[in-house]
Structure formats: C-alpha cells, structure tokens
Amino acid sequence: MVSYSSIPLEKFSDVYSSTTELSSVALGGKIVSVSDEFFAEASHLLLIEPAPKLTGQFGPNGALYSGWESRRHNPTYDWCIIKLGTTGTLVGFDIDTTHFNGNEAPAVSVEAVLSPTEVQVPDDVKWTEILPKVKTGPSSRHLFTIPESSKINYVKLNMYPDGGIARFRVYGHVSPVYPQNTCEPFDLAHVFAGGRVVFTSDQHFGVGSNLILPGRGKDMGDGWETKRSRQRDHKDWVIIKLGVPAILSTAEIDTIHFKGNFPESVDLHALQSTEEVPESDSPQWSPILPRTKLGPHRKHFFQLENVERSVYTHIKATIYPDGGIKRVRIVGVRADNVGSASTIGAPDKTNVDTASGVGFPITRSLVTTRPIKVVPVLPLTPEAFAAFGQVIEAYGDHAAAPRNTKITPANMGTASKFHKLALVNSTYPPNSNETTGLSVYRCKPAELSNGELELKVLERHPFTNQAFIPMGGGPAGGEALNDPGEAYLVVVAQNGSSDKPDIASIRAFIANAGQGIMYKTAIWHQPMTVLYKAMDFTCVETQIGNGDAADCEINELAGEDVVIKLKVQG
C-alpha cells in the first residue's frame with residue numbers, strides 16, 4: 001500500500017520551503033504527451049505564476065482556463081506525462097484546481113519512473129505508483145507528501161475520469177550534477193548543483209528560490225523581490241545552502257528586469273555549518289563581499305574576500321533596504337578536491353589547483369620558490385570598479401544605466417548623450433604648469449599561457465586621474481563582444497601601508513571596445529594590456545610638460561612574496 005499524507009495549506013512553507021519544484025518550466029520541465037487537452041493545454045500545469053481567473057473569456061472550443069482540461073465523459077481516465085526539469089527524489093505534490101468549479105478533476109493519482117530514454121506514451125515504461133488515487137475538490141490546492149522516492153525523471157499525472165487541473169507542482173530534491181573535471185570552478189548555488197534557498201526574510205512579490213534557477217528568466221515575476229520598506233536602516237536577506245562544501249572565488253548578482261526596484265546595495269556573508277538553516281545573526285558568518293552598490297537591469301561580477309583558506313556551506317545575501325534580484329551565482333571549487341580548511345593554501349601543498357582560476361590558490365611554482373596567487377579576471381562593471389574609478393560606456397536600454405546618470409537626446413534625436421560619466425581632475429602642486437590633453441596609445445596584444453598572464457608591474461599617477469577610451473566599435477551597455485578580439489584587461493589595486501600596491505586588494509577585469517575607464521588619482525594599475533589583437537586608445541590625462549617623473553610611479557612586482565597570475569576565463 002502506497003503511503004501519503006495530506007497537508008493543510010497553512011503548513012506549505014514548513015513542509016516545502018527547503019525543497020525544489022522539479023516539474024517547473026523554469027527548470028526545463030515539459031509535457032511529453034497527454035491523452036486529451038481539448039479545452040485547455042496541459043502545458044499550463046507547469047507555469048510559474050498562479051492560475052489567473054479567465055471568467056467570461058471564450059475560445060473556439062469553449063470557456064478559457066489556465067490549466068489542463070479534457071473532454072467530458074471519459075470511460076476510463078485521462079493522463080499526462082511530464083519530464084522533470086532535472087532528475088531528483090520526490091517528496092510531495094501540489095495539485096491545484098483553482099478556478100475549476102464544476103469541471104474539476106474529481107480524483108487523481110501519480111506514477112513515476114527513472115528512464116534513460118524518452119518516454120512518449122504510458123506503455124513505453126513500467127510505472128510505479130507513488131501517490132494513490134486521492135479525491136480532489138473544486139477550486140482549491142491539495143497538498144500531499146510521500147516518503148522520499150528513489151531517483152525519478154518522469155511522472156504521470158492521472159485524473160479520474162476527466163476534468164480540469166490548474167497547476168501541478170512536483171516537489172523534491174535535485175540529484176546534483178557537477179563538472180567531470182573535479183577541479184573546475186562552477187556555480188555551487190545553482191539548483192542543478194544541489195543548491196537550495198533555505199530562508200528568506202521576505203518574498204512578497206517574488207520567491208527566494210528563483211535566485212538559483214537556470215538562465216536569466218523572462219520578467220520580474222521569476223526573481224526574488226521584497227516589499228517596499230518604510231523603516232530606517234531596513235534590510236532583507238536570503239540564505240542559500242550550497243550544493244556541496246566549497247572554496248569560493250567569485251559571485252554574480254543579476255538584476256535584469258529590475259529597473260526601478262533593484263536594491264541600493266548588497267553584501268555577502270558565508271559560513272560552514274551542519275545545520276540546514278543556520279541562524280541569520282550567527283557570529284560565525286564571515287563577510288566575503290562588503291556592502292556594494294548595485295545597478296539596474298544587468299549582471300554584476302565580484303571577486304570575493306576572506307575565502308582563501310575557508311570551506312563554506314552557506315551563503316547569506318543581504319540587500320539594502322529592499323528590492324529585487326533575479327539570480328545569484330556563487331562560483332568556486334568543491335572542497336573535497338583541495339584538502340581541508342586547515343591545509344588549503346599552505347605554501348608546501350601541491351594539491352591546490354592554480355589553473356582553476358578560483359582566485360585564492362597560493363601554491364609553489366615548479367620554476368620559482370615564490371608561491372603563486374591566481375586572480376580571476378571578471379567582466380568589467382561600474383559597481384565592482386567603483387572603488388578604483390569609473391566605467392565610461394553607453395547603454396542601449398537607458399534603464400540599465402547607473403542611477404542618477406543624466407541622459408538626454410542629442411544630434412537632432414539620432415543619439416543619446418550620457419553626461420559627465422567621469423570628470424578630469426588633478427592635484428599638482430601650485431605653479432606646476434600642468435595641462436590636460438589627449439594622447440593615443442597603440443597597444444600590441446599580450447601573450448597568454450594557458451589562459452594566464454603574469455602581473456609584473458603596476459603604476460600610478462599621484463596627481464591626476466587618467467582615462468583610456470578604446471578607439472574601436474564595441475557593443476553598447478557591456479553586452480557580448482562583437483569580436484572576440486575586442487577586449488582588454490583592467491587590473492587595479494589600492495595603496496598599501498608601505499606606500500606600495502596592496503596585493504590583497506588586486507582586482508582584474510576584462511573590458512570590451514565599448515567600455516572606457518577612468519582610473520582615480522593615485523590608483524595602482526597595470527599598464528594598458530590588450531588581448532587577442534592590437535587596439536588603439538585615446539588617453540585623457542593631465543601632465544606637467546610632456547610627462548616627467550612626477551606624473552608616473554612604477555612598481556616592479558618581482559620583489560613581492562608571491563607570483564601573481566591573472567586568469568582569463570574562456
């Protein structure tokens with residue numbers, strides 16, 4: 001006898017909050033075949049949004065419903081075969097007959113199978129019943145739990161004898177999928193890697209579990225969005241349990257579709273815990289990304305801090321004061337492949353993969369006695385670069401520009417002007433007779449070795465900021481490169497206590513030919529370094545005469561304790 005339990009609707013969060021909706025179209029769930037869908041297509045069963053009321057609307061076959069509805073007078077039963085978005089173990093169902101009243105399915109059952117081949121019709125495989133025939137009523141949600149099943153990738157929903165069902169949600173746990181290369185970095189928070197959102201402080205408009213879904217979604221409805229706060233110093237947060245304990249490297253926070261309601265800023269914390277849901281205010285949380293401003297309608301990429309020698313199981317993302325985020329990606333490597341937390345990064349260890357580009361590894365080189373520190377190269381974004389300068393670029397969608405950017409029509413309506421994205425300034429001593437002008441740099445491409453480049457020198461201009469504008473046709477708004485050769489590196493560091501570059505603060509970015517940069521005064525930076533093919537840059541700077549020694553300080557890194565490698569992904 002198949003066992004099950006009926007769950008009251010008010011207990012939904014308690015029962016299903018740490019599970020994944022495996023059938024959702026957002027995960028790739030799809031209808032494979034159906035016995036009959038004369039009045040309403042079965043594909044509605046898997047939609048993310050609740051079923052809307054369509055009273056009074058009619059199509060060629062009759063009244064319209066958002067759900068699956070078959071013809072009347074079936075002598076046996078109707079069925080629908082669903083391929084889950086990913087393989088997993090099942091623990092329960094939400095069978096929703098909302099707005100079906102008088103034409104609802106009176107009873108249902110569920111069968112399941114794990115099949116390596118496509119299942120088209122019921123007779124293709126031998127099904128196992130996992131939810132016996134249960135009664136369902138009109139316009140209501142019916143929640144059922146079952147003992148956790150074995151691995152499943154297909155389910156068959158049966159309704160007796162016919163009628164309508166608005167939504168069918170299958171809950172369970174993902175069977176994680178990891179890269180074959182055990183040292184390859186991947187998104188540890190991703191739902192397919194076994195990541196789970198285990199707590200959200202508020203999810204008034206969009207649920208937290210959307211943050212780890214595949215892709216970038218279709219609108220604000222498939223992200224995480226909190227209600228507007230009216231309290232001073234308000235914040236909202238979400239806790240994500242990673243698919244596996246890991247050494248972290250970088251984060252990606254995507255605000256696509258959130259144009260006027262993105263968070264003002266965000267920070268990230270991490271901890272290692274055996275608990276499913278750690279306490280939100282536990283002192284064990286370590287900061288891995290300081291509070292950083294966010295922008296609207298685009299991806300943000302960040303190198304994480306305090307991750308070099310730590311294994312983490314959970315991430316807490318805190319937004320200030322409220323708003324919406326589409327996706328959170330946390331990139332790193334599985335901890336079981338790089339040793340324990342007590343040994344990771346130790347100079348005499350050779351099991352740390354410096355080729356992975358994780359960003360933290362420090363290990364001995366075979367050709368030098370100095371350890372190697374790998375710095376990941378991330379796409380250039382205004383928010384991640386803000387501590388070092390400004391990004392100078394246009395945006396095809398004006399709503400994606402940083403907040404408070406002044407944008408006006410120009411050129412008789414044929415152009416848009418993005419005003420004063422960076423201001424030229426200098427702090428030379430009085431009577432230095434400095435002048436501001438334009439110069440051109442023609443840069444040969446750097447040679448990469450296995451996608452890496454050694455950082456050998458950093459320079460700074462102690463009295464002036466400095467802009468570099470590519471003299472080429474690049475895409476607008478930080479989109480994909482028109483040409484894989486239209487790229488250059490931007491490598492920066494803050495000043496350290498010894499008046500030399502702070503090695504721990506080094507950040508590396510890849511920019512395209514539609515992005516210029518303005519270094520802040522006295523920011524350490526790598527000389528212009530282009531990738532793949534030569535590029536020309538216009539340089540805007542203030543100099544004394546033609547640029548004497550006072551304009552530029554150069555620091556060779558040969559004397560540093562570590563060899564610094566820049567890891568260019570892809």
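**Close-up views: salt bridges and cysteines**

R329 and D187 are both buried, where buried means under 20% relative accessible area, exposed over 50%, and partly exposed in between (1.4 Å probe, protein chains only). Before the views, a word on the model: it is predicted, with local features needing pLDDT of at least 70 and side-chain atom pairs counting only at pLDDT 80 or more, while totals for chains, interfaces and linings use all residues. Residues are numbered from 1 along each chain as its sequence is written, and side-chain values use heavy atoms, leaving out hydrogens and water.

**View A. A salt bridge joins R329 and D187.** A salt bridge here is a side-chain nitrogen of Lys or Arg within 4 Å of a carboxyl oxygen of Asp or Glu. In this pair the N to O distance is 3.5 Å. R329 sits in strand β23 (residues 327-334) and D187 in strand β14 (residues 186-187), so the contact ties together parts that are 142 residues apart in sequence. Strands (E, at least two residues) and helices (H or I, at least four) are DSSP runs, numbered from the N terminus.

**View B. R71 meets D36 in a salt bridge.** Look for the side chains of these two residues, 2.2 Å apart from N to O. R71 belongs to the loop between β6 (68-69) and β7 (78-96), and D36 to the loop between β3 (30-34) and β4 (58-59), so the pair ties together parts that are 35 residues apart in sequence. The two partners differ in their surroundings: R71 is partly exposed, with a relative accessible area of 43%, whereas D36 is buried at 12%.

**View C. R196, K241 and E276 form a network of salt bridges.** Within this trio, the side chains of E276 and K241 meet at 3.1 Å, N to O. This pair links distant parts of the chain, 35 residues apart: E276 is in the loop between β18 (265-271) and β19 (286-293), and K241 is in strand β17 (residues 236-254). E276 counts as partly exposed at 26% relative accessibility, and K241 does too, at 22%. If you would like to keep exploring, the structure has 24 salt bridges by the same rule.

**View D. Cysteines C552 and C80 in a structure with 0 disulfides.** A disulfide is a pair of cysteine sulfur atoms within 2.5 Å. Why does C552 lack a bond? The closest cysteine sulfur, in C539, is 10 Å from the sulfur of C552, too far for a bond. C552 is partly exposed, with a relative accessible area of 28%. C80, by contrast, is buried, at 0%.
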